[in-house]
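Trainee: I should be grateful for a close look at one part of this model, namely the place where the two chains meet.

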Number of protein chains: 2
Amino acid sequence: MPKNRQQIPREQRTAELLAAATELFLRNGYAGTTIADISAAAGVAPANVYWYFPSKDDVFAAVMERMLSREARALEHELQGMEPLSMLIRGLDDMRAFRDLHRSMHSRMQESVAVREAHDRFLDWIRTTVYRVVDDYPGASDREMVADIIVTLFEGANVSDSPLRPATVMIPVLMDALMGTKSKSV
Amino acid sequence: MPKNRQQIPREQRTAELLAAATELFLRNGYAGTTIADISAAAGVAPANVYWYFPSKDDVFAAVMERMLSREARALEHELQGMEPLSMLIRGLDDMRAFRDLHRSMHSRMQESVAVREAHDRFLDWIRTTVYRVVDDYPGASDREMVADIIVTLFEGANVSDSPLRPATVMIPVLMDALMGTKSKSV
DNA sequence: ACCTGAACACCGTTCAAGT
DNA sequence: ACCTGAACACCGTTCAAGT
């Protein structure tokens with residue numbers, strides 16, 4: 001007969017599951033991580049995961065949201081008072097660490113609203129940061145257009161792993177070209 | 001006892017399978033299409049698909065390659081003598097019809113070389129077409145950089161379905177900004 | 001060489017039954 | 001409320017056996 005009734009508060013168990021899931025997703029990718037893997041790493045039976053999350057996609061979405069908020073918080077603390085462009089570049093650069101999971105979000109967000117919401121949260125963060133950058137330039141023109149372009153470029157750079165320049169290289173070039181200031185060194 | 005030995009040449013059966021797979025992938029997506037679906041649509045048993053293709057990913061890759069070459073051929077015929085930018089825009093616009101499958105390529109190309117090759121073929125087509133566009137501008141500067149940016153932007157625009165402008169809107173803006181000619185109407 | 005039915009492997013998810 | 005083992009559902013893939 002199984003050991004049951006482990007007196008662990010709900011939030012702690014959730015946190016354990018998320019921590020285990022984060023590590024596994026990062027190491028083995030979305031498809032390479034099973035619910036059984038996650039539950040085993042957290043010391044529970046597979047079925048028990050469904051007591052805390054409705055589905056694998058929801059675990060995944062929660063993991064991604066957690067990652068983003070941590071990254072955003074870290075950046076705010078670390079780069080206080082730095083110019084917006086540096087912060088943007090730094091954020092995008094850090095996010096390259098989970099490009100693989102970024103790709104998986106795209107394939108899952110069709111079917112899971114949770115994943116879609118997590119993904120949108122990523123784009124919102126980037127868009128907001130881009131706005132700050134744009135407002136920093138003197139001749140700021142079409143804010144929305146520039147933001148769309150940068151966000152889209154980031155998506156493309158992260159998703160494709162053909163021999164293309166990383167977004168962090170292309171974005172400063174683009175900024176200068178679009179905003180018509182600074183170096184103009186295309 | 002099953003009907004066997006259907007005297008159909010290998011190429012015809014392959015073509016039937018590909019035609020069936022194309023339609024199903026377009027309608028139901030990669031994950032929504034099973035080998036059983038494809039084989040049924042072609043009138044054979046599921047296992048028989050593996051006589052012609054090593055795996056589902058290889059069927060998928062073949063479908064995508066077929067689509068691209070048809071599209072490219074159609075464009076060459078249809079837009080003969082047109083300016084390169086129109087052709088690029090038109091090609092990218094047509095490709096939006098299978099954005100969903102484009103996304104699936106990204107998630108599968110990690111594990112399947114065939115899918116990766118098919119995907120690279122797409123990017124090659126775009127890159128080549130972008131080169132033509134760049135060479136069309138008088139003050140052509142960094143050809144490679146511009147191509148990278150456009151290709152990446154296309155990837156991003158196709159892959160994300162958040163409320164972003166389509167690549168076909170952003171690209172002309174970018175071209176003008178990067179090449180420093182024409183309207184400059186950012 | 002081409003085709004089949006049956007079985008295997010894997011995994012997300014459900015559920016009745018425990019504490 | 002929380003946890004479990006067992007079973008279900010689905011699907012890509014394999015394989016021995018047909019023609």
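What rotation and what shift along its axis superpose chain B on chain A?

Mentor: This is a predicted model, in which local features need pLDDT of at least 70 and side-chain atom pairs count only at pLDDT 80 or more, while totals for chains, interfaces and linings use all residues. Residues are numbered from 1 along each chain as its sequence is written, and chains are lettered from A and ligands numbered from 1 in the order in which they are written.

Chain B is superposed on chain A by a rotation of 180° with 0.0 Å of shift along the axis, at an RMSD of 0.0 Å (a least-squares fit on the C-alpha atoms of residues with pLDDT of at least 70 in both copies). The two copies are therefore related as by a two-fold rotation axis. Within chain B, Gly156(B) has the C-alpha nearest this axis, at 1.8 Å.

As for the interface, 29 residues of chain B are in contact with 29 residues of chain A, contact meaning that C-beta atoms, placed from the backbone, lie within 7 Å. On the side of chain B that touches chain A, at least two residues each come from helix H6 (99-108), helix H7 (113-136), helix H8 (143-159) and helix H9 (167-179) of chain B; helices here are DSSP runs of H or I with at least four residues, numbered from the N terminus. H8(B) gives the most to that side, with 11 residues. The residues of that side comprise 15 nonpolar, 8 polar and 6 charged, where Asp, Glu, Lys and Arg count as charged, Ala, Val, Leu, Ile, Met, Phe, Trp, Tyr, Cys and Pro as nonpolar, and the others, Gly among them, as polar. Of the interface residues of chain B, 100% are also interface residues in chain A, so the copies meet through the same surface.

Terms used. Two residues are in contact if their C-beta atoms, placed from the backbone, lie within 7 Å.
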